[in-house]
Amino acid sequence: MKKFKPTVCLLVLCFLFGVAQGASAPSLKEFNKLAEKLTGLTKKFTDLADKLKLLKSSFDRYVQQNDKNIFEIRKSTKKEITEMQNALKKCCGTYKPKERVLTISTDDECYLFLDGEEITLTHLADWDVPDTVLLPKETTVIAVKGVNLYADAGIIASTDDGYVITNSSWKCAHKKSFGWEGLDFDDSDWAPASYSKAYYEKPIIGIRFDTQWIWTERYSGKSSDKKVYCRLTLRHSKKSG
């Protein structure tokens with residue numbers, strides 16, 4: 001059985017519909033002209049459909065490649081973050097800031113500052129009765145003014161986990177400088193704290209056993225420094241952020 005093209009079928013249907021409505025039948029010439037127009041339109045629609053297929057194919061390839069690029073970027077970024085974290089751990093340890101309790105005492109009087117703000121102490125003049133204060137996780141600088149009234153001198157402080165202990169990591173000076181207790185003070189020319197006596201010589205309840213009493217070099221005798229100013233810059237402010 002012979003198959004008719006869609007265009008011819010459409011023309012026949014239009015013709016029959018027109019006759020049924022009482023319209024005069026078109027001439028053969030008009031019929032052929034109409035057929036040519038419909039054929040041209042069909043070809044245009046076919047070309048447009050082909051172009052849409054090509055466009056969709058190109059878009060699918062783009063999406064596929066873009067997804068691949070995003071995956072590679074995420075993979076690369078994750079790798080870089082991991083490398084940075086490993087480098088940070090290797091360089092600076094795995095410290096994460098958290099709130100701690102600081103136990104502190106001074107032989108004989110103690111004045112404590114955290115990031116430049118003075119903290120009220122209950123036992124500032126009782127060297128054998130320490131004070132305990134909350135050390136906020138964002139604290140950057142611990143500063144202590146120590147006053148010696150009799151015999152040997154010393155400042156001692158620690159947190160339970162040993163994050164803060166008094167030792168040579170502190171810096172001390174016997175002369176007061178403007179803003180010495182503040183965040184922006186440059187203590188680079190201050191000397192490291194000196195060991196004044198062992199913990200067991202004057203043990204303090206609440207202080208870690210591996211903590212040292214510290215002062216300036218002149219911590220004993222008539223020539224001892226009666227007032228000293230000591231600072232500790234916490235390591236997380238520089239390395240752990």
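How many residues apart in helix 2 are Lys43 and Asp47? They lie 4 residues apart, a separation of about one helical turn. The model on display is predicted, and this tour visits three of its salt bridges, out of a count of 5.

**First stop: Lys43 and Asp47**

Select helix 2, which covers residues 28-92, and show the side chains of Lys43 and Asp47. These side chains meet in a salt bridge, with an N to O distance of 3.3 Å. Side chains of opposite charge can pair when their charged atoms come close. Add the surface to compare the two partners. Lys43 has a relative accessibility of 54% and is classed as exposed, because exposed residues are those over 50%. Asp47, at 32%, is partly exposed.

**Second stop: Asp187 and Arg231**

Select Asp187 and Arg231 next. A salt bridge joins the two residues, and their closest N and O atoms are 3.1 Å apart. This pair connects distant parts of the chain, with the two positions 44 residues apart in numbering. Asp187 sits in the loop between strand 7 (171-173) and strand 8 (191-192), while Arg231 belongs to strand 11, residues 227-233.

Are these partners buried or exposed? Asp187 is buried, at 13% relative accessibility. Arg231 is buried as well, with a value of 2%. Both residues receive this label because buried means under 20% relative accessible area.

**Third stop: Arg218 and Asp225**

Now select Arg218 and Asp225. Their side chains form a salt bridge with an N to O distance of 2.9 Å. Arg218 is partly exposed, its relative accessible area being 39%, whereas Asp225 is buried at 8%.

Keep Asp225 selected and display its surroundings. The residue is located in the loop between strand 10 (213-215) and strand 11. Which side chain makes a polar contact with the side chain of Asp225? The partner is Thr216, and the distance is 2.6 Å. The side chain of Asp225 thus takes part in a salt bridge with Arg218 and in a polar contact with Thr216.

To complete the view, show the residues in contact with Asp225, setting aside neighbours within four places in sequence. They are the following:

- Asn148 and His174
- Trp215 and Thr216
- Arg218, the salt-bridge partner already selected

**Closing view**

Display the three pairs together. Lys43 and Asp47 lie within helix 2, Asp187 and Arg231 link distant parts of the chain, and Asp225 of the third pair occupies the loop that precedes strand 11.

How values were computed. Residues are numbered from 1 along each chain as its sequence is written. This is a predicted model: local features need pLDDT of at least 70, side-chain atom pairs count only at pLDDT 80 or more; totals for chains, interfaces and linings use all residues. Side-chain values use heavy atoms; hydrogens and water are left out. A salt bridge is a side-chain nitrogen of Lys or Arg within 4 Å of a carboxyl oxygen of Asp or Glu. Buried means under 20% relative accessible area, exposed over 50%, partly exposed in between (1.4 Å probe, protein chains only). A polar contact is a pair of N or O atoms within 3.5 Å; within protein, one must be able to donate a hydrogen and the other to accept it, and residues adjacent in sequence count only if both atoms are side-chain atoms. Contact means heavy atoms within 4.5 Å.
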